[in-house]
Amino acid sequence: MSDTTHNLDLPFIMPSQAQKHVTHNEALQKLDAIVQLSLNAVLVAPPATPQEGDCYAIAESATGVWTGRSGRIAVWQDGAWAYLDPRRGWRAWNAAVGRLLIHDGT
């Protein structure tokens, strides 16, 4: 059995696991970012002053702390970037241009 769910990569609480609340809270943070996904924008570099919950699609040729993370989703949570791998068929609203994006799997 895997440690995470297949589609959303949410962590399972495992038998006899210590600090179960940490795993549960990690799953809630992922769901908070993924469900009704709304991107602030598609950027190559992180913004200078992100706000809690800000969400960005990382563009090709990413720079700074996003280097090597092109194609992923960056979410500012608890003062740090969390990265999500979008799956084929995920839909996200790009608030910067007012357009719906659908991930084609590439």
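The largest nonpolar core in this predicted model has 11 residues. They are A33, I34, L37, L39, C55, A57, I73, V75, L84, W90 and A92. Three elements each give two or more residues to this core: helix α1 (20-34), β3 and β4. Apart from it lies another core, of nine residues. A62, W66, A74 and W76 are among them.

**Strand β4**

How many residues of β4 are buried? Five of its five are, so the strand counts as mostly covered, with buried meaning under 20% relative accessible area. The side chains split by direction. I73, V75 and Q77 point one way from β4. A74 and W76 point the other way. The two cores reflect both groups: I73 and V75 belong to the 11-residue core, while A74 and W76 are in the nine-residue one.

V75 has many listed partners beyond its neighbours within four places in sequence. It is in contact with A33, G53, D54, C55, A80, W81, A82 and L84. Of these, A33, C55 and L84 are also members of the largest core.

**Pairing on both sides**

Strands of a sheet pair through backbone hydrogen bonds, either parallel or antiparallel. Which strands does β4 pair with in the antiparallel sense? They are β3 and β5, as the table shows.

| Pair | Residues | Sense | Bridges | Partner of A74 |
|---|---|---|---|---|
| β3 and β4 | 55-58 and 73-77 | antiparallel | three | Y56 in β3 |
| β4 and β5 | 73-77 and 80-84 | antiparallel | five | Y83 in β5 |

A74 thus links to both neighbours: Y56 stands opposite it on one strand, and Y83 is its bridge partner on the other.

β4 and β5 also form a hairpin. Two residues lie between the strands. D78, in the turn, has a positive phi of about 55 degrees.

**The whole sheet**

The sheet is open and has four strands. Their order is β2-β3-β4-β5, and the pairing is mixed. Why do β2 and β5 each have one side without a neighbour in the sheet? β2 (41-43) and β5 stand at the edges with a single partner strand each, so one side of each is left without a neighbour. From one strand to the next, the twist averages 35 degrees.

Note on methods: Residues are numbered from 1 along each chain as its sequence is written. This is a predicted model: local features need pLDDT of at least 70, side-chain atom pairs count only at pLDDT 80 or more; totals for chains, interfaces and linings use all residues. Side-chain values use heavy atoms; hydrogens and water are left out. Buried means under 20% relative accessible area, exposed over 50%, partly exposed in between (1.4 Å probe, protein chains only). Two strands pair if DSSP finds at least two bridges between them. Axes are lines fitted to C-alpha atoms, for helices over the stretch in contact, and angles run from 0 to 180 degrees between N-to-C directions. A nonpolar core is a set of buried Ala, Val, Leu, Ile, Met, Phe, Trp, Tyr and Cys residues joined through side-chain atoms within 4.5 Å. Contact means heavy atoms within 4.5 Å.
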